[in-house]
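Dear colleague,

I am handing over the structure below, and I would be grateful if you could read the notes that follow it with the coordinates open. They go from the whole chain to single residues.

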Amino acid sequence: MFSKTCEYGIRATIFIASQSYQNHRVGLKDIAKKIDSPEAFTAKILQILSKNNIIHSIKGVGGGFDIPKDMMKQITLAQIVIALEGNQVFTGCGLGLHHCSEEHPCPVHEKFKFIRNELSYMLETTNLEELAQGIKSGDTFLRY
């Protein structure tokens, strides 16, 4: 459903949030290892997330990535997805057609519209705080 960029971006952000809850900054190597992502690719994703003020980057000794605890409740999965992929997941055609609308629907338009709306709702109402707490408590995992 999501591109690899978006999948890794969501995983990385959740991991950073879970570490930030414990007042830890994390480095690129640790993030890439924990989310099972290539390091160079992860670096590009983190740069995008940092430019979009979803994560904070601190350079130098003692640096790394973090997310202030007070921001975690405000950051939604929708913001991460939009930063990495734009709004295509919220507006796009289920078959990837460029011209699909109510007036000129694709064969799956009506059924996909329901799924897209449910996905949009989930992304817009799910925040980093709840996802980080799941990792912290051990109820959810980022890799097997």
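In these notes a residue is called buried when its relative accessible area is under 20%, exposed when that area is over 50%, and partly exposed in between, with a 1.4 Å probe and protein chains only as the basis. On that footing, 38% of the 144 residues of the protein count as buried.

Please keep in mind that this is a predicted model, in which local features need a pLDDT of at least 70 and side-chain atom pairs count only at pLDDT 80 or more, while totals for chains, interfaces and linings use all residues. Residues are numbered from 1 along each chain as its sequence is written, and side-chain values rest on heavy atoms, with hydrogens and water left out.

**Overall picture**

The protein has eight helices and two strands, where helices (H or I, at least four residues) and strands (E, at least two) are DSSP runs numbered from the N terminus. Read from the N terminus, the order of the elements is α-α-α-β-β-α-α-α-α-α. The C-alpha trace spans about 55 × 30 × 30 Å along its principal axes. If a contact is taken as heavy atoms within 4.5 Å, then 64% of the contacts between residues at least 6 apart in sequence join residues at least 24 apart. The accessible surface, from the Shrake-Rupley method with a 1.4 Å probe, comes to about 8800 Å², and 53% of this belongs to carbon and sulfur atoms.

**The core and helix H5**

A nonpolar core here is a set of buried Ala, Val, Leu, Ile, Met, Phe, Trp, Tyr and Cys residues joined through side-chain atoms within 4.5 Å. The largest such core has 34 residues, and Ile31 and Ile80 are those with the most contacts inside it. Two or more residues of this core come from each of H1, H2, H3, H5, H6, H7 and H8, and H1 gives the largest share, eight residues. Ile31, if residues up to four places away in sequence are not counted, touches Ala12, Phe15, Ile16, Val26, Thr42, Leu46 and Phe65.

Ile80 belongs to helix H5 (residues 77-85), whose buried residues are Leu77, Ala78, Ile80, Val81, Ala83 and Leu84. The cover over these buried residues includes H1, H3, helix H6 (88-91), H7 and helix H8 (128-137). After H5 comes Gly86, which has a positive phi near 80 degrees.

**An aromatic pair**

Which aromatic rings pair in this model, and with what geometry? The structure holds one aromatic pair, and its rings, those of Tyr8 and Phe41, have centres 5.7 Å apart and planes at 85 degrees, so the pair is edge-to-face. For reference, rings of Phe, Tyr and Trp (its six-membered ring) pair if their centres lie within 6.5 Å, and planes under 30 degrees apart count as stacked, over 60 as edge-to-face and the rest as tilted. Because Tyr8 lies in helix H1 (residues 4-20) and Phe41 in helix H3, the pair ties together parts that are 33 residues apart in sequence. Tyr8 is buried, with a relative accessible area of 11%, whereas Phe41 is partly exposed at 30%.

**Backbone angles**

Most residues other than glycine have a negative phi. Asp36, which is not a glycine, nevertheless has a positive phi of about 60 degrees; this residue is found in the loop between helix H2 (28-35) and helix H3 (39-51) and is partly exposed, with a relative accessible area of 49%. Asn53, also not a glycine, has a positive phi of about 55 degrees, sits in the loop between H3 and strand S1 (56-58), and is exposed at 53%.

**Single residues in H1 and H7**

Ser20, in helix H1, is buried with a relative accessible area of 5%. Leaving out residues up to four places away in sequence, Ser20 touches Asp66, Ile67, Lys69 and Met72.

Helix H7 (residues 109-125) holds Phe114, which counts as exposed at 55% relative accessibility. Arg116 lies in H7 as well but is buried, with a relative accessible area of 12%. Its contacts, again without residues up to four places away in sequence, are with Val89, Phe90, Thr91 and Gly92, and the C-alpha atoms of Arg116 and Phe90, 26 residues apart along the chain, are separated by 6.3 Å.

With best regards
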